[in-house]
Amino acid sequence: MSPAVEKGVMLEPFVHQVGGHSCVLRFGEQTICKPLIPREHQFYKSLPAAMRKFTPQYRGVVSVSFEEDEEGNLCLIAYPLHSDPAADLENKDHSTDCEPKSKMLKWGKMLASSLLVDSENYSKDGRIRHSRKDKDKSVHMLPEDMELEWLQQAEVLYYRLEHSHSNAVPQLKHNPWSLKCHQQHLQRMKENAKHRNQYKFILLENLTWQHTVPCVLDLKMGTRQHGDDASEEKKAVQIRKCQQSTSASIGVRLCGMQVYQSDTGQLMFMNKYHGRKLTLPGFKEALFQFFHSGRRLRRELLSPVLSRLRDMQAALEGCESYRFYSSSLLIIYDGSPHRKHTRRRTEDGLSEEDEDDEEDEEVEARLSPSDSRSPVVDVRMIDFAHTTCRHYREDSVVHEGQDSGYIFGLQNLITIISELENHSTD
């Protein structure tokens, strides 16, 4: 076993989380982890073969504990679970996933202050918040928690990606949604630390790892969100959310989004609170924004997305008695004009130094589908904490037939994206 694994792997925030309330952490370049929920774990372990290509790959279970490093920063460290052979880290090729601690982000205590310093990159409406002159003054005038509060409350945010001096692609340091989830999770773990400090997390494929600047759309699917085991109170809340959003009318609502706009060099974030308020025209507009680079509609992405959605619909129509309550659909593509994997793909006829311009994006998209290593766009189902089917023996309710609410949402999504594809005017 490599020494890095023996010592445990330090978990970082996974910055490309745009929706959900579970704490998603980065285990390594190609793997993420999230708290183990028995129902979701069961789903991944007993996945119908037809569903495999539509879900992230399941990579086992780790034990996570909450520790302080030498400087007093709070860290989460993952260790192998020897009782679960599937999760034994030495059975997997995690060579890419075991990075030295020095490279890891120190987080926890530092979270609020690093966010504060970084907040000059954020603006609520596309304008940069502070002019250079009064920036220092205004940052110091605001108490840390007010600044943090502002970031967490804004429903649509723009984040300017800073280019480093080398020609490297700018990196996203903080996604406001993922930070919010982490802070809440760390707080809960900290409160529980006296009683227990070992948590099971499941390891899943990181669907964004190949992308330089991942654009991610998180859609909550179906006309019903509550599980069969929900309390009356929870059921009422979920029914109300569905009725007051596009879930009831079209079986899908926006749960989170991050998209790169190359004209301004900004990432735009939209959170679930904004998504819930969208009417049908607003939802269509958000989808248009998601597939728009700031310069043009990325038309070449639409047909691969549509074909994935149609395949998924066919697979779900064959899934007898499954209900995917509260599950999400992710659509992911690379928003970067310079692609990380161009060099690797010279055998496809791409030159080593592809110029970073809009024309190349078109060429690249036409070539990409022949190259299984870097899908031009990916569509997957995630979040199975409330999934049920007749194989789940402990479930009191057994549903017949297919998940019509989910399929209704897919059909409407297919219709809306087809409309986008058919509009010839940008």
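Good morning. A helix, in what follows, is a DSSP run of H or I with at least four residues, and a strand is a run of E with at least two; both are numbered from the N terminus. By that definition, S404 belongs to helix α13. The model I am presenting is predicted.

Let me begin with helix α13 itself. It covers residues 404-422, which is 19 residues. At 1.5 Å a residue, a helix of this length should span 27 Å, and the C-alpha atoms at its ends are indeed 27 Å apart, so expectation and model agree.

Which residues of α13 are buried? They are G405, Y406, I407, G409, L410, L413, I414, I416, I417, S418 and L420. As background, an α-helix has 3.6 residues a turn, so residues three or four places apart point the same way.

Is S404 buried or exposed? S404 is exposed, because its relative accessible area is 53% and the cut-off for exposed is over 50%. In space, the C-alpha atom of S404 lies 8.7 Å from that of R323, although 81 residues separate the two in sequence. Further along helix α13 we come to I407. With a relative accessibility of 4%, I407 counts as buried, since buried means under 20%. I407 also has a partner remote in sequence: V252 is 155 residues away along the chain, yet the two C-alpha atoms are 9.9 Å apart.

I turn now to the helices that pack against α13. Two packed helices are described by the angle between their axes and the distance between the axes. Helix α10, residues 280-290, comes within 10 Å of α13, axis to axis, and the two cross at roughly 60 degrees. That angle makes α10 oblique to α13. The crossing of α10 with α13 is right-handed. How does α11 cross α13? The axes of α11 and α13 also come within 10 Å, with a crossing angle of roughly 160 degrees. That makes α11 roughly antiparallel to α13, and this crossing is left-handed.

Next, the aromatic residues. A pair of aromatic rings is described by the distance of the centres and the angle of the planes. With ring centres within 6.5 Å as the criterion, the model contains 13 aromatic pairs. One of them joins F43 and Y44: the ring centres are 5.8 Å apart and the planes stand at 70 degrees, so the pair is edge-to-face. F43 and Y44 are both buried. A further pair is F324 with Y406, where the centres are 5.9 Å apart and the planes are at 70 degrees, so this pair is edge-to-face. What does the pair of F324 and Y406 tie together? F324 lies in strand β12, residues 323-325, and Y406 lies in helix α13, so the contact links parts that are 82 residues apart in sequence. Both F324 and Y406 are buried. These four residues belong to one aromatic cluster, formed by F43, Y44, Y58, Y322, F324, F384 and Y406. One further ring deserves mention: the charged end of R224 sits over the ring of Y325, 3.9 Å from the ring centre.

The loops around β12 contain two backbone features. Most residues other than glycine have a negative phi. S321, however, has a positive phi of about 70 degrees although it is not a glycine. S321 lies in the loop between α11, residues 302-317, and β12, and its relative accessibility of 1% means that it counts as buried. S326 also has a positive phi, near 65 degrees, and is likewise not a glycine. S326 is found in the loop between β12 and β13, residues 328-334. At 13% relative accessibility, S326 counts as buried.

Finally, a brief look elsewhere in the chain. L172 is in the loop between β7, residues 156-160, and α6, residues 176-192. L172 is buried, with a relative accessible area of 11%. The C-alpha atoms of L172 and Y159 are 8.6 Å apart, with their positions 13 residues apart along the chain.

To close, I return to helix α13: α11 runs roughly antiparallel to it, α10 is oblique to it, and the ring of its Y406 pairs with F324 of strand β12. Thank you.

Methods:
Residues numbered from 1 in each chain as written. Predicted model: local features only at pLDDT ≥ 70, side-chain atom pairs only at ≥ 80, totals over all residues. Heavy atoms only, no water. Expected span 1.5 Å × (residues − 1). Buried < 20%, exposed > 50% of the residue type's maximum accessible area, 1.4 Å probe, protein only. Phe/Tyr/Trp six-rings, centres within 6.5 Å; stacked < 30°, edge-to-face > 60°. Lys NZ or Arg CZ within 6 Å of the ring centre and 35° of its normal. Axes fitted to C-alpha atoms, helices over the stretch in contact; angles between N-to-C directions. Parallel < 35°, antiparallel > 145°, perpendicular 65-115°, else oblique. Left-handed = near helix turned anticlockwise from the far one by under 90°.
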